[in-house]
Every structure is written in C-alpha cells, then in structure tokens.
Amino acid sequence: MFRRCTPDIVAAEVSGCVLEKMWCKSVPCLVDCFLQQMNVHHAKHFFKATQRVNAVWENSSKTSELEMTAEHPRKQIVLKKTESIQHGRKKIKIYPPPARMLSQSVVLPGPERIRASGASNNPEQYFQFLDDKTHTVCDTVVTGLHKSTSGECLGLRSPLQTGKYKWINYSEVSERKDYIGSGLLKLGIHHSQEAMVGICTRTRPEFVLVMLACSRYSMVLVPLYHCFGSENMTYIIDQVKMEALFCEDSKFAMEILESKKLYPALKHIVLIDANEEEIAELSASYPEMNIISLKDLEISGKLNLQKPEKPKPDDLFCICYTSGTTGIPKGVKVTHRNILSCIASLDAVLGESIPKRGSLMCYLPCAHIYEIINEVYCLFHGCQLGFYSGSTDTLLGDIAELKPVVLPLVPKLMNLIYSGVKKKIGQNRLRRYLLHLSLQQKERTLQKGIVSKTAIWDKLVFSKIQKTLGDSIQLIFTASAPVSREVMQFFRCSMGCLVFEVYGLSEVGAAAMTLMSEHDSGFVGPPLPCNHIKLVSVPEMSYVAEKDEGEICIKGANVFSGYFNNEEATVEAIDANGWYHTGDIGKWLPNGALKIIDRKKHIFKLAQGEYIFPDKIENTYLESHIISQIYVDGNSDQEFLVGVIVPDTKAFLSWAQEEGFTGDLETLCQNKELKKALLNMLQKVGKERHLTSIQQVGNIYLTTEPFSQENGLLTPTMKLKRTGARKKFEQVFQKLYEEGNLCSKNQ
C-alpha cells in the first residue's frame with residue numbers, strides 16, 4: 001500500500017529538490033492516486049533510483065562540462081542520448097543549457113552593435129554550405145541517397161486518410177526527377193535562368209519531384225498558392241513569362257486557361273491528377289495549348305533522357321511570391337546558396353541532436369519557404385518525407401500513422417492541441433493541479449539541459465498527448481507567427497523533445513532560432529550562423545538602436561538577391577551595404593536573444609500566419625455612412641481581428657432605429673445585440689469590397705469618444721497613432737478576445 005503524504009513531500013522525492021510549501025496539505029497525495037490507478041508499484045524506490053542515476057551522471061560530467069564551457073561558452077553540444085528502436089529518442093542532455101549562458105549571441109566589433117551566432121568558431125564569417133559536395137538543392141538528394149542507402153524517400157497514405165504509408169525510395173526519386181527534367185526539355189524548355197516553371201498544388205510528393213527536376217536541369221521553379229486568386233495568379237504568370245505550369249487537376253487548369261490571352265508565354269499545362277478523357281476535353285477547347293499528364297511527361301523524358309546541367313550556387317533556385325496582402329505580390333528571388341546556407345546553419349546549431357533516421361511530416365503549403373527549407377533539409381539527411389492526406393481535418397490521423405521524428409507546427413495547430421487538453425481537464429481541480437505540477441517539474445529539468453520523455457510525469461500525464469502526435473517526435477519547429485508563453489511551455493514540457501521557435505521571412509528563409517533545451521519564451525533566439533543581425537533606430541516610433549531597440553536588419557548568405565523585375569521594391573528593402581530591412585521592430589534581451597516587439601509598417605500577422613494590412617480594412621469599413629472613425633488591430637496569438645468604432649452620431653442613430661433599437665448614443669454603444677447587427681452589416685460591406693473572411697473583424701468596441709490629438713490617438717496630420725491606440729485599448733481588446741468571434745457565432 002502507498003502511504004498518504006503531502007504534495008510538497010512527493011514533489012521533493014520526484015525531483016530530488018525541495019519545493020516551496022504547498023497549501024493543500026490536507027489533500028491526499030495526488031501522485032499516489034494516479035500511481036494506484038496505473039498499477040505502478042514501488043514508486044518510492046523508483047524515485048530514489050532515479051536520483052542516484054542523476055547524481056552519478058552529473059558528477060561524471062562536471063569536469064568535461066567546465067572544460068567545454070571555457071573553450072566555447074556559446075556553442076551547445078549533446079552530452080548524452082538515450083534511444084530505442086521502437087520509440088526513438090527517450091532522453092537527451094544538452095550542455096550548456098540556455099539558462100546557464102551569459103549570452104546566446106556575439107556582439108561584433110564596431111559601432112553598429114552587429115550580432116552574430118555563438119555557434120560559430122568564427123562569428124564574423126557566414127555559414128554557406130553543408131560540405132564540399134553539396135552546393136545546390138539538387139545535390140541534397142544525391143547526398144540523401146548515399147546516407148539512406150536508397151531507403152524510403154517520399155510517402156503518401158494509400159488510400160488517403162485511412163491507409164498505410166506507401167513509399168518511393170531515393171533511387172526512384174533520383175530517376176524520376178531526371179525523367180521530368182528531360183520531359184520539360186523535350187517540350188522545348190531550355191536550361192536557362194529565364195526558363196520559368198510554375199507549380200500550383202497542395203503539398204504532395206509530386207511537388208518535390210518537380211522541384212528537384214527544375215534544380216537538376218537549371219530551370220527556375222515558381223511555386224504558387226491556390227489562394228492567390230485569379231488577379232494575382234494572372235499577374236505572376238505574366239510577370240515571369242512562365243512557359244509551363246504544373247496543375248493539380250483539370251478544374252484548376254480550366255481556371256488558368258480561361259485567362260490564357262493575358263499570359264501569351266504560357267504554352268504547356270502539365271496535369272498531376274487527370275485522366276485521358278479530361279485531357280482530351282481540355283485540348284479540344286484550347287487547341288493552342290499543349291496539355292499533358294505528369295505520367296506522360298515522365299514517359300517522354302525516360303524515352304528521351306537528356307544530360308542535366310547543374311546550376312551554380314548563385315543561380316536562381318525559385319521565385320517565392322509574397323501573399324500580396326499589401327498590394328501586388330512581390331517575387332522573392334531565392335538562390336541555391338540562400339537555401340543551402342539556412343540548412344547548413346541548422347546543421348551547425350543542432351549538431352548531434354539531428355535524427356539519424358525517421359520522417360518529416362509535410363503538410364504546410366508547398367509554396368512557402370518554410371516548407372521548402374524543411375523538405376530540402378530532410379532530403380540532405382536521407383530522411384523520409386511523409387505527406388498528409390490533403391485535409392487538415394485528418395492531419396492528426398496522418399501524424400499518428402506516420403510517427404514523424406520532425407514536425408513543423410504553426411501556432412494555430414499548437415493552440416488547437418493545447419485547447420483540447422485544457423478542455424479535457426476542465427474544472428477538475430485534481431487534474432489541473434497535476435498538470436501544473438508536471439509542467440513545473442519538467443521545466444526545471446529543461447533548465448538543466450535535460451529533455452526527456454521517461455520522467456514519471458510523462459507516464460502519469462503526458463504519454464497520451466505524445467501518442468496523439470505519433471510518440472516518436474524528436475524535433476518540433478514553429479514559425480510564421482509568435483506563440484504564447486503558456487502554449488510554448490506546454491509543448492516544451494509535454495512532448496519530451498526539442499522545441500524551437502524560428503524567425504524567418506521569404507526574403508531570408510531562417511534568420512534566428514531559439515537554442516536547444518530552451519525553457520523560456522517570448523523571443524526568437526540568437527542569429528543563425530548564416531547571417532548577422534543589427535537593429536537600426538526608428539526615431540518616429542521612439543526606438544533607439546543604442547538602447548538595443550530598432551528595426552531588424554539582416555545581412556548574410558541567406559538574404560535574397562532582390563524582387564523579380566521590381567527594382568524599386570528591391571532598393572527600398574536592401575540598402576547599399578547589403579542589409580535587408582525587414583520592417584519588424586526587435587529588441588536584444590540581456591541573454592543575447594532577439595525579441596520581436598513591433599512592426600514598422602502597419603502590417604501584422606494573425607495566429608494562422610496570414611499578414612493583415614489594417615489600412616485597407618479600415619478604408620473599406622469607412623465607406624459605411626454610419627462610421628466616423630475606426631481602428632482595426634489583431635494579435636499574432638489570436639485568430640480574428642478586433643476593432644474600435646466611433647459612430648457618426650446622426651447616421652448611426654437613424655440606422656439603429658431602422659434596425660429596431662432605441663436609446664441614446666451612449667446606451668446603444670453598450671447594446672450587445674446592436675453590436676452583432678453592426679458586425680453583420682460590416683461583413684456585407686467587406687464582402688462587397690472583396691475582403692476575405694480572415695480580413696473581416698470578428699468583434700468590435702463602440703465608443704463615443706472621437707480619436708483626437710488631445711487623447712493621443714491622432715498625429716498632427718490627422719493620422720491614427722497605432723502604437724498609442726494599441727496601448728489605450730489593450731484591456732478593451734483583451735475583453736473582446738475573451739468574448740470571442742461574434743461573427744463566427746452568427747454563421
């Protein structure tokens with residue numbers, strides 16, 4: 001039988017240290033209750049044995065740790081790994097942990113206070129290549145072929161959503177990329193930096209094959225988003241003078257062909273999913289176009305196999321177009337060196353923590369630089385690329401089936417998983433306390449550089465959560481938008497793996513990343529070795545570089561070469577000394593990590609990773625005669641927009657009366673039902689002006705106090721002071737987020 005004890009005694013036995021006094025001493029031991037339920041016997045002996053092992057390990061490591069600290073205090077290494085064939089890595093010990101570092105980055109000599117990675121032996125030089133043989137993207141699959149000994153490479157469930165993963169091995173991938181490249185040459189597309197090959201599809205194995213084919217045969221890949229819309233799609237295809245476009249199916253191909261006259265350079269459509277009947281029908285309707293299936297293109301290439309022409313490191317690898325939220329999409333010119341420098345930096349920082357086998361879960365948009373870097377990185381290491389079934393609704397099922405070792409996450413998915421855990425716990429005080437205690441204890445081990453899924457807390461609390469994501473994950477990366485501290489702490493402690501937050505942009509790939517075994521959050525870590533970062537003063541926003549605050553500027557091997565056929569935007573973004581000005585406002589923390597604190601231009605991201613341009617939304621809503629002033633804002637850890645509206649008194653009262661509401665202006669502004677009616681009206685205005693659902697406000701606050709210079713909300717030129725407005729309405733917005741998205745509730 002287990003003895004009854006107070007939680008503070010149990011916690012002391014588990015962690016080997018004395019916790020602060022708990023107030024609930026009259027409650028029977030929570031851990032004992034759970035141990036009895038799980039039939040875990042001799043827990044006391046287990047705890048003591050764990051303490052003895054830890055003590056022996058720490059004593060034996062102490063001398064070597066001190067030696068390594070003196071030699072290179074900012075470079076982390078893996079001291080020990082414990083792995084199993086079935087479940088992958090169970091425990092890893094990192095030294096030094098970030099909590100014991102004085103500074104995570106290096107300040108270079110000079111007045112600009114430029115910072116560099118501490119992982120490099122020579123911080124002034126940029127990391128550019130992985131090794132002497134891998135200098136282009138197409139080289140990575142050759143390296144992966146040798147590392148994997150022609151093992152499994154690209155996988156997809158068959159049938160989708162319910163079947164097992166079926167794989168194409170590295171040898172077949174190597175052959176098929178040559179067939180596709182030769183097939184494109186047979187169509188008349190040449191080895192050239194002007195040969196633009198587009199692809200618009202969901203994330204699937206064929207995207208990687210086309211990507212590698214273009215790289216191998218010195219053609220330029222132009223990946224496109226489905227959500228671009230016909231206007232932006234037309235602009236891009238015409239701007240790059242695209243010659244061939246890979247389409248997922250005949251439905252999308254039809255949308256492209258309907259505007260064929262607007263891009264005369266396009267001659268070939270390659271359908272990934274299409275039968276002979278669909279191809280014949282499209283060919284009959286558009287006889288001037290060559291429409292072919294991917295299967296037939298590969299057969300043609302196999303029969304007419306051509307010698308590849310390897311690109312140079314500074315040749316264009318792809319043109320990644322921005323989403324166009326702020327206007328016309330801009331084509332980011334990405335070279336092979338840009339991509340290789342990013343993955344060389346990841347290699348340098350991760351070191352021995354990189355999995356030797358296993359898979360990457362591929363589900364992010366394939367046109368996004370984040371997904372492309374993930375795929376190329378895993379190809380270099382000979383890992384498997386497992387693709388989702390095409391629907392985010394079944395993504396967790398795909399993850400559970402694949403059991404990936406590398407999982408890229410976005411804040412939205414992390415928030416959903418965390419919300420699901422909190423919902424299961426509910427208001428049960430016992431479960432809430434156990435979760436809090438477990439997270440607290442796991443965070444303490446993180447601070448010591450130990451990442452483990454073998455602790456008693458994993459068995460009691462976190463094992464089911466780990467199984468939800470396959471139970472084999474060793475590395476989690478999150479990017480595209482910041483993650484709240486609460487959610488980040490949960491994932492770092494519950495998953496028993498290394499969790500990284502990455503700062504990057506289409507223009508630079510990855511620029512900064514948190515370190516291994518990081519226990520804190522709210523920042524994006526030190527610079528990666530592929531670049532340097534400096535902060536430049538922004539006087540109009542009161543940010544001063546000498547105080548370690550200012551616009552984030554990046555220079556390095558990963559920085560793009562400019563915007564395609566857009567010299568004006570290029571000159572605006574990259575200064576004469578080669579520094580890319582991101583528009584993000586950053587701050588150097590005392591630990592040498594970079595924190596994103598603001599945005600120079602009026603652009604921000606929501607949790608979905610989508611950029612929002614509030615000026616456009618505000619101008620749209622101001623077309624309504626009942627609105628006098630409006631301020632729209634959002635938060636990177638929230639999924640909808642909020643706003644503050646100052647009504648036009650006369651017009652608003654008249655409209656309210658027509659809608660069946662009575663009262664004075666002050667009373668009406670407090671009426672929740674009227675607020676819902678106003679939101680419905682704004683939704684209609686937004687749809688008429690082609691705002692997407694994510695660009696529509698989800699909740700609003702009505703006020704009778706106008707924005708003015710006197711209350712600090714307007715500049716002398718009568719422009720909205722967003723920094724002041726955000727500060728003034730911070731508590732208001734918090735209440736609106738707690739209230740939720742009223743538009744979604746009405747739908």
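This is a guided tour of selected sites in the structure, in an order suited to a viewer.

The model is predicted: local features need pLDDT of at least 70, side-chain atom pairs count only at pLDDT 80 or more, and totals for chains, interfaces and linings use all residues. Residues are numbered from 1 along each chain as its sequence is written, and side-chain values use heavy atoms, with hydrogens and water left out. Helices (H or I, at least four residues) and strands (E, at least two) are DSSP runs numbered from the N terminus.

**Stop 1: Lys 267**

Select Lys 267, in the loop between helix H8 (250-257) and strand S10 (268-273). Lys 267 is partly exposed, at a relative accessible area of 46%; buried means under 20%, exposed over 50%, and partly exposed in between, for a 1.4 Å probe and protein chains only. Next, add Ala 244, which is 23 residues away in sequence, with a C-alpha to C-alpha separation of 6.2 Å. Beyond its neighbours within four places in sequence, Lys 267 makes contact (heavy atoms within 4.5 Å) with Glu 243, Met 289 and Asn 290.

**Stop 2: the nonpolar core and helix H17**

Then display the largest nonpolar core, a set of buried Ala, Val, Leu, Ile, Met, Phe, Trp, Tyr and Cys residues joined through side-chain atoms within 4.5 Å. Of its 140 residues, Leu 184, Met 211, Phe 246 and Phe 491 touch the most other members. Helix H12 (residues 369-380) gives the most to this core, with 9 residues.

Centre the view on Phe 491, which touches Leu 409, Met 414, Ile 417, Leu 469, Ile 476 and Val 499, leaving out residues up to four places away in sequence. Phe 491 is one of the buried residues of H17. In helix H17 (residues 485-494), 8 of the 10 residues are buried. Their cover includes helix H14 (411-425), helix H15 (429-447) and strand S19 (498-505). After H17 comes Gly 496, with a positive phi near 65°.

**Stop 3: Ser 517 and strand S21**

Move to Ser 517, in the loop between strand S20 (509-513) and strand S21 (531-536). Ser 517 is buried, with a relative accessible area of 5%. Its side chain reaches the backbone oxygen of Leu 446 at 2.7 Å. Not counting residues up to four places away in sequence, Ser 517 touches several residues, including Ile 94, Pro 97, Pro 98 and Ile 450.

Now select S21, which is largely enclosed by the rest of the structure because 5 of its 6 residues are buried. S21 pairs with strand S22 (residues 549-556) in the antiparallel sense over 6 bridges; two strands pair if DSSP finds at least two bridges between them. Within this pair, His 532 stands opposite Lys 555 of S22.

**Stop 4: a three-stranded sheet**

Finally, show the open sheet of 3 strands, ordered S27-S28-S29 with mixed pairing. Strands S27 (627-633) and S29 (697-702) stand at the edges with a single partner strand each, so one side of each is left without a neighbour in the sheet. Neighbouring strands are turned by 25° against each other on average, direction ignored; axes are lines fitted to C-alpha atoms, for helices over the stretch in contact, and angles run from 0 to 180 degrees between N-to-C directions.

S27 and strand S28 (residues 641-647) run antiparallel and are joined by 6 bridges. Among the residues to label is Gln 629, whose bridge partner in S28 is Val 646. Add helix H19 (residues 614-621), which packs on the sheet, touches S27, S28 and S29, and makes about 155° with the direction of S27. Helix H22 (residues 672-688) also packs on the sheet and touches S27, S28 and S29, with its direction at about 130° to that of S29.

Terms used
A polar contact is a pair of N or O atoms within 3.5 Å; within protein, one must be able to donate a hydrogen and the other to accept it, and residues adjacent in sequence count only if both atoms are side-chain atoms.
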